[in-house]
There are 4 protein chains.
Amino acid sequence: MSINSVDHDIRDIKLADRGKLRVEWAERAMPVLRRIGERFAKEQPLKGLRLSACLHVTTETANLVLTLKAGGADVALCASNPLSTQDDVAAYLVRDHGIKVFSICGEDHDVYYDHIRAALAHRPSITMDDGADLVSSLHMIALQRFDDLTEPVRRWAESLSQNERRELVESVIGSTEETTTGVIRLRAMARDGVLQFPVIAVNDSLTKYMFDNRYGTGQSTLDGILRATNILLAGSRMVIAGYGWCGRGVASRARGAGARVIVTEVEPLKALEAVMDGFEVMPMTEAAKIGDVFVTVTGDTSVIREEHFRLMKDGAIVANSGHFNVEIDLDQLASIAGGPPRAVRDFVAEYRVNGRRIFVLGEGRLVNLAAAEGHPAAVMDMSFANQALAAEYLVQHGRELDRAVHRTPEHLDQEIARLKLESMSIGIDTLTDEQRKYLSSWELGT
Amino acid sequence: MSINSVDHDIRDIKLADRGKLRVEWAERAMPVLRRIGERFAKEQPLKGLRLSACLHVTTETANLVLTLKAGGADVALCASNPLSTQDDVAAYLVRDHGIKVFSICGEDHDVYYDHIRAALAHRPSITMDDGADLVSSLHMIALQRFDDLTEPVRRWAESLSQNERRELVESVIGSTEETTTGVIRLRAMARDGVLQFPVIAVNDSLTKYMFDNRYGTGQSTLDGILRATNILLAGSRMVIAGYGWCGRGVASRARGAGARVIVTEVEPLKALEAVMDGFEVMPMTEAAKIGDVFVTVTGDTSVIREEHFRLMKDGAIVANSGHFNVEIDLDQLASIAGGPPRAVRDFVAEYRVNGRRIFVLGEGRLVNLAAAEGHPAAVMDMSFANQALAAEYLVQHGRELDRAVHRTPEHLDQEIARLKLESMSIGIDTLTDEQRKYLSSWELGT
Amino acid sequence: MSINSVDHDIRDIKLADRGKLRVEWAERAMPVLRRIGERFAKEQPLKGLRLSACLHVTTETANLVLTLKAGGADVALCASNPLSTQDDVAAYLVRDHGIKVFSICGEDHDVYYDHIRAALAHRPSITMDDGADLVSSLHMIALQRFDDLTEPVRRWAESLSQNERRELVESVIGSTEETTTGVIRLRAMARDGVLQFPVIAVNDSLTKYMFDNRYGTGQSTLDGILRATNILLAGSRMVIAGYGWCGRGVASRARGAGARVIVTEVEPLKALEAVMDGFEVMPMTEAAKIGDVFVTVTGDTSVIREEHFRLMKDGAIVANSGHFNVEIDLDQLASIAGGPPRAVRDFVAEYRVNGRRIFVLGEGRLVNLAAAEGHPAAVMDMSFANQALAAEYLVQHGRELDRAVHRTPEHLDQEIARLKLESMSIGIDTLTDEQRKYLSSWELGT
Amino acid sequence: MSINSVDHDIRDIKLADRGKLRVEWAERAMPVLRRIGERFAKEQPLKGLRLSACLHVTTETANLVLTLKAGGADVALCASNPLSTQDDVAAYLVRDHGIKVFSICGEDHDVYYDHIRAALAHRPSITMDDGADLVSSLHMIALQRFDDLTEPVRRWAESLSQNERRELVESVIGSTEETTTGVIRLRAMARDGVLQFPVIAVNDSLTKYMFDNRYGTGQSTLDGILRATNILLAGSRMVIAGYGWCGRGVASRARGAGARVIVTEVEPLKALEAVMDGFEVMPMTEAAKIGDVFVTVTGDTSVIREEHFRLMKDGAIVANSGHFNVEIDLDQLASIAGGPPRAVRDFVAEYRVNGRRIFVLGEGRLVNLAAAEGHPAAVMDMSFANQALAAEYLVQHGRELDRAVHRTPEHLDQEIARLKLESMSIGIDTLTDEQRKYLSSWELGT
C-alpha cells in the first residue's frame, strides 16, 4: 500500500496557541468525556489501534481525539465538512499532540476528498464518521466503483493493488456514525447488502440525539443565524422545514426567542405533533410567501427550491442546519437570479430574484458550523462520550457483531446520563424494593 | 356458562337526556372516529362479534362504543376505575343504544369487580382494557389462581366448570390495552409466559401516547387540580413525579401556567432531559420540603410516602394522575395523621400531620377523571381511533399473532394522523420523486 | 329616607355550611388580607362606619368583607354581576356573620338593580364598586336623572325626598373601584364634572392589575372555558381580542396550554407588542374565519358582531372575559341565527348561522365567573388587600382628596408586595448605602 | 472658542468599504427610520443645525446619523462607551458622508473623554446622549466644577473663557437621552436644580423601552454571552440581577433557551412579578452559590461584589448588560484573585478565587456590545425613530419646554408603532363609532 508520506495538512501551525486555549475552554464543559479519558489513560483499551475520524474539526472534537489518544489509539483526523474546520484547533492537535490532522477551513471539494483519502491511507482498524463520507468512500473502493469516487480518492484507489484494497476494508473492525444523515446512508447500504463491517449509530443513542440534535442544534442554529445577520428574532416569521429532533429543537428555541414559528413537514405524525405543540403548519409553498427566515433541517434534498424562491418576500433569509448542503437548491437559485450573488456580510450572500433580495447564509452549509462554533461543548460531551465508549465497545465486541447498523448498548447510554447528572450535582430518586417489585408484577390491579 | 341475567347496572336511566347532549358534544371533536364509524357502518367488520370493554365510562368512550356497534359488535362495557364513570353517559348508552353497561360512579371495590365479572360473562371475542384489570382477572380464572381474584369474580369463577373457564379464555381472539400501566402489566404477563392471547398495545401507538399521554394528561391534570382547588398556579412550586410522556405533558403545561416546576425521576436519562428542558430536578425528599402542589405520574407505587409527608409544608396539595391510586401512599398518610381526613371541598380531603395540613385530591385517584372530565375529546379521538382500528385488525389478523404485546401497525398510526390533520384543514408537503430517491440512496455525499 | 326593612336577600340560608368550608378554603391562600385583618381587629380603623360593597359575591369577597367587619365596619353587600354570586357564600355571610347580603345567582335585571338599591339604602359612608354600577346609580339619583335609572332604583329614588337624595350622596366620603371598566366609567364621570366624591382606583394599583388582571384573568378564563367545554387547547386556534393586562394574561396562558394564539387590537403599540411577543396579529374579520375559540377582553362593546359571526367556522366557541356582557353582540347573533339558542351543555348555548354552529359560553358574561370560580384566592388576596387599605385610607384622608379618580398611594402598593413575598418565604436583596447613593447621583459616568 | 482643528478621529479610513455594506445591511431592517428620513430630506427640519451625538457607534447609529443629516443637520458623533465602536462604521461615515466622528474601539479613558470634548467643541444646538456623559460633562463645565471633569475635558474647559463656557451651554436648545441610566442621572440633575435645558427621555417612549430594552437587550445579551463563550444555555442556571424591562427581556429569552432562571431584585413588586412569571427569586448571596452564568441589568453599582465572588462555583461566568461597567465590582474581584486575569478566549478573562475559576466577559462592559453587535437594527429602528422625531420636536418646541426631563409626546410614540406595523404588513382593527362612544360614556352599566 502506498504510504502517505506527510502526516498532516493544516492551515498554519502558528495558530496552535490560540487553539490550545480554545480546546481547554471546551474541556471545562465536557466532564463526562474527562472521566472516560481518565479511565482510558489507565486501562488503555485502544492500545496500538489505528483510528481514522472524519468529524467536524472543532474544539470538542479535539477533546474526543485526545481521549482516544489517551486510550492508546493512533488517530488520524479529517474534516466532515469543508467549511467547519477550526484551523487553530487543527494546529494545536498537530503541534502539541502529534495527531495526524488533514483539514483546512474552506478547502475545496478536491482537497476535502484528498483529506479523506489521507485518513483512509492511515489504514484504520476503527473509523468514526459524521455523514458517512469516509465510510462510503471506503466502500466504493472496496466495491471497485471507482467512477462514483471523487477524483483524488479515485486516483489513489486505482493506484492500489486489489489486495491492498481488500486489506483496507477488511482491517476495519467497525465504525461509528455521528449524524442522522450518515445513519440514513448506512442503513441504505446495509439494506443494499453492501455494508462490510458493523456500524454503531452513535446518533441513535438517547444521550446523543435527544441532546445534541435537539438542544445543540436548537441553540447553535439560532446562534449561527444571529452571528451572520444580527436580525431581531422577536416578531419575525421563522419557517422550520422538518420536525425531527433537530427541527423541534430549532422550533422550540425560535419560539423562545419570540419568533412566530411555522413548521413544514412531509410526515403526518410529525406535522400533527408540531400543531399540538402550538406551531403553525403549512406546505412550503404557503410558508414561502410569508416567512422572514427559513431553516432546513430535514436530511433531504431540495427542500427549498425554485418554486419557493419565486414566492419569497424581499429580504428573505435562507439557512440550512441539516448535515449536507443539499437542502437549499442553490443551483436553481443561481439560475433564476439575475447574476452571481453579492457578499453583503460575512456568511451572507445576496441573490436577486424578480427584483427581490434573497439572502443565503453560509453557502447553504450547516449554519451553526459555518457562521458560529457548532454545538456547545456541553452537548458534545455526551455525543463524544458515546463515540469513545462505542470505539471501546467495537474493540471488545466488534468482531461478534453483524454487518449492520447497531445502536449503542443501552447500559452505556444510561451510564453517560448518570455521569452527566453527577457532574451537575443533580440528585435523583432510586426505586425502593417495593417499587421495583411492583413494576415487574402484573397481579396487582385496582 | 352461567348466563348473566341482567343486561346493565347503572346509576339512573333518567340521566340519559343529559348524557345524550354530552356525548354529542364530545362527538363534535372526534372527526377521526366519525370517519371510521362511517366506514364501519358500511363494511361491518365486527359483525356478530361480542366485545367487552373495560374503560373509563365517559362521553368519549361512548363515541367509541357507538363506533364499534356501528361496525356490528355486541358491546358490554364496565368501568376501569370506580370513580371515573359519568352516570349520565352510562344511562344514555343503555337507553338509546342498548349497550350492556355495568358501571356506577363511586361504586365500591366489590361492585367494581362484579362489573368486571359481568363484562367477562358477556363471553367476549375481543376485549378492550385500560389498566389490565379485565384481562388479568380473566387470566387468574384461566390459571385457576382463585385466591388472587377479588371476591365477586372469585365466586363466579368457582361456579364455572373447568370447561367453561377454558372456553372463556380460548374464545378471546385478542385484546387491546389503552394505558401505560396496563402495558407494563401485560408485558410482565408475557415475560412470565402466562399471556393467553395477543394484545395490541394501543398505548404504544404514536397517535396515542404522544397526544393522549402528553397533551391530554397535561391539560386535564391541571384542569382537575383547578376544579378541585381553584388555586393560583402562577408562582406556585409544582412537583411532578415522573418525566415520561404524561409527566412531561404535565410539566410543560404547569410551566405554561406560570408554575415553578420541579421534576423527580428515577432514570438518569429522563432526569437529564428534564434539566435540559429547563426544569429543576431533585430527589423527592428535597422537593417535599418546598413543593406547594405534588402530582404523581410514574406508573409506580408509593412514590409519595410517609418520609415525604413528614417533610411537607402546611397546605401542601397532593394529587395523582397515574392510572392506579397507589402512587400516593394514603395508608401511611392516614396512619401518621392524627385522625380521619376532613372533607373541605369536593374532592379535597384534609389530613393533619404534625399540625400541618396536607390536602389530598380525589382520594389519590386519577385527578383528571375524579375532579374534571378526563381527557378532551379531541385527543381521545385519536386514542379511540386506534382502539377501533386495532379491534378490526385483531378480527382480521389476531389468529396469526403471537401471544405477546404488539404495537399497532404503523400504517394505521400514520393514517390516523393524516385524518386528523385533514379534519383540521392543515396541509403538509409531499416528497418529490427526487427527494424520495435521495432518502434511499447512500452514494451522494459532500 | 325609607328604611330597608329586610336585611338580606339570598338564595337559601341552608347553604351556609358549604359556604363556610369554601370561604375557609380561600382564606388559606390570602395571607396578606389575613395580616391586615389582624391589625384591623386591634386598631378598628373603620369603627362605626357603614360600607356598601357591590362586588362579585365569592369566597374571596367574603374574606374581604370579614376583614372590613373586623375593622369595625357595618357592611352591606350586593352583586356586581347577576351570574357571579356563589349562593353558599352569601348564606354563610348572613348566617354566621350578620352581613347584609343582597345577591342571588341568576337574578334577573330587575332583581339585580333592586339589590343595588338595597345596598344604597344602607346609606354608606364608603362604597366599594366593581364596574361602577353602584356609584353610577347613586349619581343618577343625585343628578335626578331618573330616566337613566333601572326600574327598581328609579321607583325608590322617586320615593325619596330631595333632601334624602342629597344626603345619600353627601354622606359618602369616597369610593373604591375594582375593575378597568369601572375606572373608565368613573374617569368619564370626572371628566364630565359630575363625580361627587373621590374614588380610589384599586384597579390601578400595581399589586392589583399586574397580578389580578394578568395572572388571575389569564388562568381563570381558560379554566372557565375548559369547565364549560372540556375542549383541547393544544393545537387549537385561540383568538384573543384585546392585549391589555387581561389580554396578555389570557394570551400567555393560552400559549402555555399549546394553543396557536391570534391577537386583535385597536392600538398600534399594543398590537406591536403582541407581535414581538410572538403572537399573530390581524383584524377580527380575518381572525373570525380561522379561530376555534374567541375570547374578548377589551372593555369595549360589540367587539364580536354580526360581520364576524357570519365568517366563523362550524363549531366556533365564543366567550367573554371583559367585565360587561357587551363585548359579544348577542342581540345581533340571535337575530341572524335561525331561532333561539339550544342549551347543549351547562354554560354552552348553540346558535345556528348559515347552517354552522356557534357556541356562546355563559351568555357572554365573564366566563371565569360564570363557568368557573373566578380568580384564585391568591391573586384576590392582593386585590382585596388594596381594597381594605384603600377603605382605611379614605377614612383617614378622603375628605382631603379631590373629586377625582386617584391611584392607591404607592407605599401601600409596595407594602402589599412585601407582605406577599414574606408569606411565600421569598427573600430579596436590599440596596447597600453605596448603591442608594449611586442611584441618586449624576456625577459618576463612564 | 478654540476651534477643533481636526474633524474626525477614527481607527482606519480604509475600513469604510466594509462599514458601508454593514450599514446598508442594518438599513434593511429600519423601515420606520427610512420613512422619516425620506420626509426629512424634503422638509429639512434640522437645516443648518449643529448636532452632537454621544452614542454607541454602530451600524444602526449610522443610519440615525444619516437621517439627521438628511434633515439638514451638521452632525458630530462620539462614542458613549469605549468598547462599543464599530471602526468600519466610523470610517464609512467619515469617508462617504463627511460626518465628524471621534471614536475608536478600545480607546482608553482619556481618549474617550477627549472625544467627548471634540463633540462639545462642535458647539451643538442639539445634543443626543446615551448614558449622559456628554450632557453631564457640559454641565460640569457650565457649573465650573472643573475638578469633577476628566483630564482632557478639564484642560479644554479651563482654556475657554467664562463667556465661551456660558455660550456653550446656552446655545443648546435641548437634548435627548437614550438609556435608563442616563435618565436616572438627568432626573437627579433636574432634582438638584442644575439642569440647564430640557431633555427628552427617548428611553421613556413606549416604542423605545418596551422594545429596545426588552426584546433588544434580551436577545443581544444572550448573543453576546454565546459569542464570548459558546456555552450551552439549556439546563444551565442563569442568574439575572434586576427585573426591569431589560431584566425581564433577558430572563424571558434565557428561559426560552432552556436555562433555569433565577432573578434577584431589590423591589418587592418586581420580585413578586418575577415569581408569578415562574422564575425563582432569591437574594444574590444564595444565587451566587448555585449560578452557572450571572448577568447584571440593574443600572446600579456593585451588584456582584466580593461577598458574592467568594461563594461562586468553579467555572462561574459573569457578564453585565447594564449601561455602565460598574455593576460587577472588578476591583474587588482583582484584589481577591491571586493575580491578574488570564485571557482564555476573546472577551473572556479568567480570575482565580480560592482555587476556583471565575470568568468575566467583556471586562464587565455591556456584553451585547462588547462581544456581539448590540441590539438588532429592527429594534433600534424604533428607538432611533424616537431620536429623530425628538430632535425635530426640540427644534420646534424646545424653547417652550421646562428645564426638566420630558417624555416623547405620545402621538409620536403611536405614530412610530403604526409605521412599524405597516412595514410588517400587519393590519389591526379600528374602533367603530359605537365603540368610541361607549368608551367615553359612563351611563351604560350592567
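# Helix α12 and the contacts between chains

Let me begin with one helix, α12 of chain A, where eight of the nine residues are buried, so this helix is largely enclosed by the rest of the structure. Please keep in mind throughout that we are looking at a predicted model. The buried residues of α12(A) are P268(A), L269(A), A271(A), L272(A), E273(A), A274(A), V275(A) and M276(A), and just after the helix there is G278(A), which takes a positive phi of about 95°.

What does chain A bring to its contact with chain B, and what does chain B bring? The contact takes 76 residues from chain A and 76 residues from chain B. Among the residues of chain A, the three that supply more than any other three of the area this chain buries against chain B are L269(A), W442(A) and T446(A), with 16% of that area. If you take both chains into account, they bury about 6,500 Å² between them, and 63% of this lies on carbon and sulfur atoms.

Now to the polar side of this interface, where 16 residue pairs are found in polar contact between chain A and chain B. On the side of chain A that touches chain B, the elements giving two or more residues are α5 (109-121), α6 (133-142), α9 (180-191), α10 (206-229), α12 (268-276), α18 (410-423) and α19 (433-440). Which of these elements gives the most? That is α12(A), the helix I began with, which gives seven residues to the side of chain A that touches chain B. Sorted by class, this side of chain A has 38 nonpolar, 18 polar and 20 charged residues.

Let me turn to the charged pairs, since two salt bridges are found across the interface of chain A and chain B. In one of them, the side chains of R214(B) and E273(A) meet at 2.7 Å, taken from N to O, and E273(A) is one of the buried residues of α12(A). There is also a salt bridge between E273(B) and R214(A), again with 2.7 Å from N to O. Here E273(B) lies in helix α12 (residues 268-276) of chain B while R214(A) lies in helix α10 of chain A, so the pair joins two chains. Are these two residues buried or exposed? Both E273(B) and R214(A) are buried.

How are the two chains related to each other in space? Chain A can be laid on chain B by a turn of 180° and a shift of 0.0 Å along the axis, with an RMSD of 0.0 Å, and that is the relation of a two-fold axis. It also helps to compare the residues used, because 100% of the interface residues of chain A are also interface residues in chain B, so the copies meet through the same surface.

Next, let us look at chain C and chain D. Here 76 residues of chain C are in contact with 76 residues of chain D, and the area buried between these chains is about 6,500 Å², of which carbon and sulfur atoms give 63%. L269(C), W442(C) and T446(C) supply 15% of the area that chain C buries against chain D, which is more than any other three residues. The count of salt bridges between chain C and chain D is two, and R214(C) forms a salt bridge with E273(D), with the closest N and O atoms 2.7 Å apart. On the side of chain C that touches chain D, α12(C) gives the most, with seven residues.

Finally, a few words on salt bridges elsewhere, for the structure holds 164 of them over all chains. One of these joins the side chains of R39(B) and E43(B), at 2.9 Å from N to O. R39(B) and E43(B) are four residues apart in helix α2 (residues 31-43) of chain B, and are therefore separated by about one helical turn. R39(B) is partly exposed, with a relative accessible area of 26%, and E43(B), at 48% relative accessibility, counts as partly exposed too. In chain C, the side chains of R342(C) and E350(C) meet in a salt bridge at 3.4 Å, N to O; R342(C) is partly exposed at 39% relative accessibility, whereas E350(C), at 7%, counts as buried. Salt bridges can also share partners, and in this way R18(A), R22(A), D88(A), D223(A), R227(A), E373(A), R345(D) and D346(D) are joined into one network.

Methods. Residues numbered from 1 in each chain as written. Chains lettered and ligands numbered in written order. Predicted model: local features only at pLDDT ≥ 70, side-chain atom pairs only at ≥ 80, totals over all residues. Heavy atoms only, no water. Contact = heavy atoms within 4.5 Å. Buried area = accessible area lost by both parts, 1.4 Å probe. Salt bridge = Lys/Arg side-chain N within 4 Å of Asp/Glu carboxyl O. Polar contact = N/O pair within 3.5 Å; in protein donor to acceptor, adjacent residues only side chain to side chain. Nonpolar A, V, L, I, M, F, W, Y, C, P; charged D, E, K, R; others polar. Least-squares fit on C-alpha atoms with pLDDT ≥ 70 in both. Buried < 20%, exposed > 50% of the residue type's maximum accessible area, 1.4 Å probe, protein only.
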